[in-house]
Amino acid sequence: MTAKEMWEIFSKENNLENEEYEAWAFGDDSDKLAELTVNGIKTATCSAYYWYEKEGEELPKAGEYSVILNSRDEAVCVIKTIKVYIERFGNISEEHAYKEGEGDRSLEYWRKVHKDFFTKELGEVGVKFSEDMELVCEEFEVVSDNDYEGGNIH
């Protein structure tokens with residue numbers, strides 16, 4: 001199912017035809033992270049504030065909808081953003097790390113994999129990773145998976 005198809009079904013069922021949405025995949029291992037999301041384990045994410053600033057993009061806002069995609073650009077679920085805040089990498093809380101749902105859900109695990117991810121991602125454009133870098137943190141809830149079969153995520 002495409003993002004457009006999933007959104008059309010969800011928005012019609014919920015009288016949201018005039019609402020806007022974005023469709024996107026998680027940056028690293030999009031299939032696994034989409035599966036964690038559709039299963040209710042992953043309820044938060046973060047991204048480098050640098051990208052919003054560089055691209056002149058607006059920050060996400062509470063109340064916005066997104067269609068989460070897998071690595072094949074297939075729609076997995078619709079999420080609704082419930083909280084957005086900016087935090088420095090070095091100040092990310094244990095609670096946020098747990099909500100991201102990855103690995104053993106510890107802050108130690110989160111710090112390691114996200115340091116590696118941001119070092120690589122920012123390094124590709126000549127920006128150095130820093131513990132002081134700002135992250136855009138989002139918390140969300142799954143509002144529809146349209147009976148997506150988790151086993152189809154590869």
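The score called pLDDT is the predictor's confidence in each residue, on a scale from 0 to 100. That is a handy place to start, since what you have here is a predicted model. Across the protein the mean pLDDT is 92, with 94% of the residues at 70 or more. In the comparison of elements, α1 has the lowest confidence, at a mean of 93, while helix α4 (residues 94-100) has the highest, at 98. One stretch calls for some care: over residues 150-154 the pLDDT is below 50, although the model gives this stretch eleven contacts beyond near neighbours in sequence. Where pLDDT is low, the predicted coordinates should not be read in detail.

**The sheet and its helices**

Let us turn to the fold. Five strands make up an open sheet with mixed pairing, and their order is β1-β3-β4-β5-β2. The edges are taken by β1 and β2, each of which has a single partner strand, so one side of each has no neighbour in the sheet. On average, neighbouring strands in this sheet are turned by 35° against each other, direction ignored.

At the β1 edge, the partner is strand β3 (residues 65-69); the two run parallel and are joined by four bridges. If you would like one pair to look for on screen, W24 has I68 as its bridge partner in β3. Helix α2 packs on the sheet, where it touches β3, β4 (75-88) and β5 (134-144), and its direction makes about 95° with that of β4. Another helix, α5 (residues 107-123), lies across β2 and β5 and runs at about 35° to β2.

**Two residues of strand β2**

Strand β2 (residues 44-48) includes S47, and T45 lies in this strand too. Is T45 buried or exposed? With a relative accessibility of 10%, T45 counts as buried, because the cut-off for that class is under 20%. S47, at 21%, counts as partly exposed.

Beyond the four nearest places in sequence, T45 is in contact with W24, F26, H96, E100, V136, C137, E138 and F140. Among these contacts is W24, the residue that bridges to I68 in β3.

For S47, which residues does it contact when neighbours within four places in sequence are left aside? They are Y52, F118, E134, L135 and V136. With Y52 there is also a polar contact between the two side chains, at 3.4 Å. F118 is 71 residues away from S47 along the chain, yet their C-alpha atoms are separated by 8.6 Å.

**Two loop residues with positive phi**

Two further residues may catch your eye in a backbone plot. N15 has a positive phi although it is not a glycine, and D29 likewise has a positive phi without being a glycine. N15 sits in the loop between α1 (3-13) and β1 (21-24), whereas D29 is in the loop between β1 and α2 (30-38). N15 is exposed, and D29 is partly exposed. Their values are set out here:

| Residue | Phi | Relative accessible area |
|---|---|---|
| N15 | about 55° | 63% |
| D29 | about 55° | 46% |

Conventions. Residues numbered from 1 in each chain as written. Predicted model: local features only at pLDDT ≥ 70, side-chain atom pairs only at ≥ 80, totals over all residues. Heavy atoms only, no water. Buried < 20%, exposed > 50% of the residue type's maximum accessible area, 1.4 Å probe, protein only. Contact = heavy atoms within 4.5 Å. Polar contact = N/O pair within 3.5 Å; in protein donor to acceptor, adjacent residues only side chain to side chain. Pairing = 2+ DSSP bridges. Axes fitted to C-alpha atoms, helices over the stretch in contact; angles between N-to-C directions.
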